[in-house]
Amino acid sequence: MKKHLILVYLIFLFSFILKSQNLDFTAPDTVCVGQQISILNNSSGWQTYKWNYCKGEPTQTVVGVNLGNPSNSFDRPDFLQVVKDGSNYIGLVSNDKDPNIGYVSRVNFGTSIEGAPTVENLGDFGGKLNKPTNLKLINEGNNWYCFYLNAGLLTSDYRLVRLDFGNSLLNNPTVVDFGNVGGFLSYPLEIDIIKTDGKFIGFITNLNNTLQRLEFGSNLTSTPNIFNLGNIGNLSRPTNFKFVSSIGKWYMFLVNDNNNSITRLDFGSSLSNTPIGRNLGNPQGKLDRPLDIIPFFECGDFSALVANGTNNQLLRVEFVDGIESLNLNATNLGNIGVLNYPGAFSNLLYDNGTKYAFVANTIGNTLSRLKFSPCIPLSQPSSILFNPPSFSVNDTGRFLVQLIVDEGLPSESQICKQVVVINRVSINLGNDTTYCGSFSRLLSTGNPNTLWSTGKTGASITVSKAGTYIATISNACGKVSDTIVISSNCNSCDSWLFTQENPSAVKVGDLDIIGNKITVECVFNALPTSAAHLVTKHTGMEDINYALSVNGAEIKTANDGYVRLDVACETSFNETYHVAMVYDGASLKFYRDGYLLRQIPCSGNLRNNNIITTIGNVDEGNGNFPNEQFVGYINEVRIWNKVRTQSEIRQFMNATLPNPTTQVGLKGYYVFNDLINKQGNAAFNGTLSGSAIINQTNTQCGFVPDSCIQVCEPTIRGDLNICEGENTILSVFGIFDSVRWSNNDTTRSIIVTQPGQYSVITYLGTCIGTDTVDVIEIIVLKPIISGNSEYCIGDSTLLTVNGIYDSVKWNNGTLGNQIFVSSAGDYIAIAYLNGCSASDTINITVLTLPTPINIGNDTVLCDDFPKILSTGNAGTIWSTGEVGGSIFVSQEGTYWAEITETCGSVRDSITLAFENCDCNIFVPNTFSPNNDKENDIFYPRTECPVKNIVFRVFNRWGEKVFESNDLNIGWDGTFKGKDAIVDSYSFTLNYDIVRDGSAKFLKGKIVLIR
């Protein structure tokens, strides 16, 4: 089962055996924005440590660019390796120009791995590398060495060569020729050498499907001992391989060109061990002449990149259950980098956290560069310290802490842990306020987990009496509270201005407001015979500075001239209201009881005049009063040369203004227990005019709910919690002409997919209302199912979900964090938290008893003829002590094979006897090299051991078109790199029979057809 990146990818599957190596670190699951994050490294036994910090998944994307053929220097480039030598990136490339003509190129990228390369032809070193195949560059003791394999048409060409460059790869090397070490090389294809435990160990693959191990000891320049390990893991023309070391265990991954498969060799704790081979097959049938493989870890998940030779495609092969998985998934990434028969990958290179690899395109005669783009980095830089520095994150969401150990080495491994960053909770219930009379007030935090001092929980409460109210919210970032005090402090009913018959007013002088900002407030209770004007400084439309009326306001500006605003929803008699006019240079607004009822656009500075500011009537000058008398009670008149916001107006609209002499922008303030300007400027003290009286009692001085205003105030309803990746619907409750949301949507309901603050403005006639809510995202950490994904038939396994959730439900209906399962299939655990859910899936496989094996019937063989006994299973243990899918036997006797698997063992035996018989060689008379994998190669066949083989093919003109000294290597129907013509050809075959040493000669005809 693939463990997705949720909490931690643990790749220390064998830490209970190898206590010397451990890969783990401690990081917090959840942190707050801006909180310092400390990482504690619990790992041990690694050479290097590197820390990266990523957003989202770490899966690498592959980007390719084709570098062309600089100076036409490449001719069928097959294999390459690139390293950093000092400050330069240098590579060596083998070129397979013709069947027996090749050379080595040196590639110099300069100081940048993404630089344009220059290429130099180093030749074939006196014929030592006339058919160079693969190579291995090693730096040891500040000296550079390159081990090269050479193939060629003749067995005498099979050799291991070392190039000694000294202290720089830019030097001209000297050549050390080891020849065909041990005589085991047979068209050698791939070489790699590893230094482990102070010793150098190498491996070579051959076209005859054998694997050899090289042992240099502690001295890389010594002549190696070579050991033939045979065919392990059903090798079938293994083209390339790579090493991986994971938690103290060594693995080799090979690709097989002939049978389109991947082989894994398991060496255990030492490369000196005889490996167990497993052929992993062709995942989803997508391998098509695989030519090379790059295995790598991504946060504990193990994958490989494979290059196909037939269709030039790159594949990402995922090892679903980890590095030893038998369950592989292949994904086609397409042709990245204009590949054309991608013969081989270079080694992986690292530069500032980014991986690179180069590809040799054999047919295209070009190089391609692959770039493995890392995950999106945080601003926090990478670190190579054992314990990285503490840091903080200023954005909410998820990020990964990635620890890479032994980066660039075969033992490279990774582990990742996820950290969720959440906002610190904040609450603002608004300013303390005072009400007079009955009221209803909605207090809201927008967070459903709020605990109120009333004992209730929820995002909001409605209060209707004075008191102190506290809201408290707790989360992983701590606990916060906010307090609001609601007072009952009505204006005194006994200190009001009473104006009745015309004229009746208070004059406060020439109180001009200059500029483009003004606020005028007034509290009043009108009697049935009342007209409109409350506070005025005008005589008419042509001569006005400002005028506040019961149901409107007037100003005159330099840009728009006379501006008048009226509201359709009028006040009632014998009820007390607070009204305010506000001009901010862009619009004129009218508020009633703290609610905006209407606004109209206008601009420009206010026009000034010499008119007396009058409260309760209009003074036209010279003692003239028109019939615009306000009849009723007036109090709390405030004149400002600043813009007062809605919250500022509401704060003291039904209470006495505190500290008026220090209020910024206040020009006139009157409460009518006397005629003094409480702002402090005596020039604007009031005088009574006509029948006006102060210190009067307004028996209806308390505010009552305004029916006009209530319909203007919307209520947003809906679920204010959304699950990650889901949505919620917010709707406006109330009857309105139109609505507009903060995202400019004008429908009654909107779909919300992201957390945040959402507000709405509603319009009903001239009434405007607003409401705002906070939508909170509920993040449920994905559960991880632990337990054995495989068990034997008749048994059961326990599956467990780790984590704290409200509940866990399995797809078989079981509730709880644990279940026992006794049948195969997918098991899904759904974890619920705060109404949201997340899930994980595990695939359970029920293992059966091993399949019976059959290594053949008892039989009689020709004397001295070897016999191959095979089970096809690389883990087979034979009675000879050998381990592998097959063995060679050449003596009489009884042999047995045993396969042990998780659920048991099976064994089979065979008895072999030998007798003398003739030794004949069969040579077919036709072959068809048309790549249909049927009779594509022409070569003799025999079951006898033979030696000293010389096999030649000639055309009708006597030209030699093919020669081989190995019966396993036949003619593929080409001549000088091109398809040979359809014709009749002759052959000769010289050989000696091993049994008696007799020399044999055979000749004949062969017809090539296509």
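**Asn134 and the disulfides**

In this predicted model, the side chains of Asn134 and Asn240 are joined by a polar contact of 2.9 Å. Asn134 sits in strand β10, residues 132–140, and counts as buried, with a relative accessibility of just 5%. Leaving aside residues up to four places away in sequence, Asn134 touches Phe79, Phe147, Tyr148, Leu149, Leu189, Glu190, Ile191 and, again, Asn240.

On to the cysteines: the count comes to three disulfides. One of them pairs Cys493 with Cys701, with the sulfur atoms 1.8 Å apart. Cys493 is in the loop between β38 and β39 and Cys701 in the loop between β53 and α2, so this pair ties together parts that are 208 residues apart in sequence. The two ends aren't equally covered: Cys493 is partly exposed at 25% relative accessible area, while Cys701 counts as buried at 8%.

Cys723 and Cys836 form another disulfide, with 2.0 Å between their sulfur atoms. The torsion about the S-S bond here is about -90 degrees, so the disulfide is left-handed. Cys723 belongs to strand β55 and Cys836 to strand β67, so parts 113 residues apart in sequence get tied together. Both of these cysteines are buried.

Cys792 and Cys903 also form a disulfide, their sulfur atoms 2.0 Å apart. With an S-S torsion of about -105 degrees, the disulfide is left-handed. The link runs from Cys792 in strand β62 to Cys903 in the loop between β72 and β73, 111 residues apart. Cys792 is buried at 14% relative accessible area, and Cys903 counts as buried at 13%.

Cys522, by contrast, is in no disulfide; its nearest cysteine sulfur, that of Cys701, is 14 Å away. Cys522 counts as buried, at 0% relative accessibility.

Definitions and conventions:
Residues numbered from 1 in each chain as written. Predicted model: local features only at pLDDT ≥ 70, side-chain atom pairs only at ≥ 80, totals over all residues. Heavy atoms only, no water. Helix = DSSP H or I, 4+ residues; strand = E, 2+ residues; numbered from the N terminus. Buried < 20%, exposed > 50% of the residue type's maximum accessible area, 1.4 Å probe, protein only. Polar contact = N/O pair within 3.5 Å; in protein donor to acceptor, adjacent residues only side chain to side chain. Contact = heavy atoms within 4.5 Å. Disulfide = S-S within 2.5 Å.
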